[in-house]
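Me: I've got a model open and I'd like to go through the labels people put on it. Can you take them one at a time?

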Amino acid sequence: MKRINYDKLLMIPGPTMVSSEVLNTMAYPIIGHRTKEFGALLEDTVEKMKKVFITKGDVYIITGSGTAVMDMAIANTVNKGDKVLTICNGNFGERFSKIVEVYKGEVIKLEYSWGKGARPEDVKRILEENPDIKAVTVVHNETSTGVRNPIKDIGKIVKDYDALYIVDTISSLGGDYVDVDGFHIDICIAGSQKCLGAPPGISAISISEKAWDVINSTESKSFYLDIKAYRDRFESKKESPYTPAVSLIYALNKALDRVLEEGLENRVKRHERMARATVTGLEAMGIELFAEEWARSITVTSAIYPHGIEDKEFRKILSNKYNVVIAGGQGQVSGKIFRIGHMGEVKEIHILGTLAAIEMAFKELGYNTSGGVDAAKEILER
Ligand SMILES: Cc1ncc(COP(=O)(O)O)c(C=O)c1O
């Protein structure tokens, strides 16, 4: 195997760079997962996770990536033929629709073209037209397009209907405002590897009382992802039903300490500042942004390639010559946009370095531009 270059600046929208303080915990010896020590660790991690979610509801840590808890949310609430409104303006909104289809639910899609944000009034209209909708799914931060959907305002609408409000905060929790109870979210899901600054591989799910009522009357269609098994084992023994990723729980626990030490409000402000610097730098280079302005994410910025710049060639130069890794577009915008993740541990130097590398790579490919770094510096000096 070719030696891996570990020295690259990871500016993709997850997984993100992990602090050495968090990484070092992964070297602790493995403890038994049916012991009091592990129970205390799991309970402590759940309590910290509740603080970050801002919920008095139940929270479970699941061994599996973010998609596992997307799947869990649907597997435990949707029976065959149940209507689910899925808000789709990118790849991950679409993923919810696909999962609902797997469990034979009836998908009612509220679609927007990629780059556009979801409108709460449209959600209201559809709920009025279909009073038997059982759940509404939305992705807070649509990582594939760099769009932030207004989950607070959508929550204000959904709360007046019987439908459950299921929100994917996989690429926003710990970087943007999420308030599970305050936004009336019934099931909220998160991943370890984005704004929380932990390695990939585990995820978290919160469950409200309203969600429990639905779960209790739904037959789970999954063995591994049956939420009742997690509830029963946690309530009786502070354990998870199956062998958990012990080392990842050490890491998540430490990462949550860092999030709480910085403070949720400060953390969001830092992410806003990094996003502003990135956006200002790109605009100064004459680059057009992809997401519409009112719905722009503060954890990932998406931008349209200038004419003549080829995606793979551009990102190859960035990675091989300047050691900066960013992401391309997914699905229908593949080759058309690039995405810069500024999540988790991101700091000023990472934004400036990324913009400088982008300027140099553009120049090499014939798009002569400058001024991006200076414009970003101006924002960061304030
Ligand atoms: C918003 C969002 N939802 C879901 C997922 C899927 O998570 P995972 O790849 O951890 O399964 C991602 C991953 O990028 C995401 O950004």
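Me: What makes the link between Asp168 and the ligand a polar contact?
Reply: A polar contact is a pair of N or O atoms within 3.5 Å; within protein, one must be able to donate a hydrogen and the other to accept it, and residues adjacent in sequence count only if both atoms are side-chain atoms. Here a nitrogen atom of the ligand sits 2.6 Å from an N or O atom in the Asp168 side chain, so the pair qualifies. Thr67 also uses a polar side-chain atom, 2.5 Å from a ligand oxygen, while Gly66 brings a polar backbone atom to 2.9 Å from an oxygen of the ligand.

Me: What sort of model is this, and how is it numbered?
Reply: It's a predicted model, where local features need pLDDT of at least 70 and side-chain atom pairs count only at pLDDT 80 or more, though totals for chains, interfaces and linings use all residues. Residues are numbered from 1 along each chain as its sequence is written, and side-chain values use heavy atoms, with hydrogens and water left out.

Me: Which residues come nearest to the ligand?
Reply: Ser65, Thr67, Thr143, Asp168 and Lys194, out of 14 residues around the ligand (near means a heavy atom within 4 Å).

Me: Where do the two domains come from?
Reply: The bounds come from an automatic or database domain assignment: domain 1 is 9-15 + 263-381, and domain 2 is 20-261. Their contact (heavy atoms within 4.5 Å) takes 29 residues from domain 1 and 33 from domain 2.

Me: Why is Arg258 with Glu345 called a salt bridge?
Reply: The term asks for a side-chain nitrogen of Lys or Arg within 4 Å of a carboxyl oxygen of Asp or Glu. Arg258 and Glu345 meet at 2.9 Å, N to O, so the name fits. The count between domain 1 and domain 2 is one salt bridge.

Me: What does "buried" stand for between the domains?
Reply: Buried area is the accessible area (1.4 Å probe) that two parts lose on being put together, summed over both. For domain 1 and domain 2 that is about 2,600 Å², 54% of it on carbon and sulfur atoms. Leu264, Arg267 and Trp294 supply 21% of the area domain 1 buries against domain 2, more than any other three residues.

Me: How do you know that Tyr367 reaches Gly286?
Reply: Its side chain comes to 3.5 Å from the backbone oxygen of Gly286. Leaving out residues up to four places away in sequence, Tyr367 touches Met285, Gly286, Ile287, Pro306, Ile309 and Phe362.
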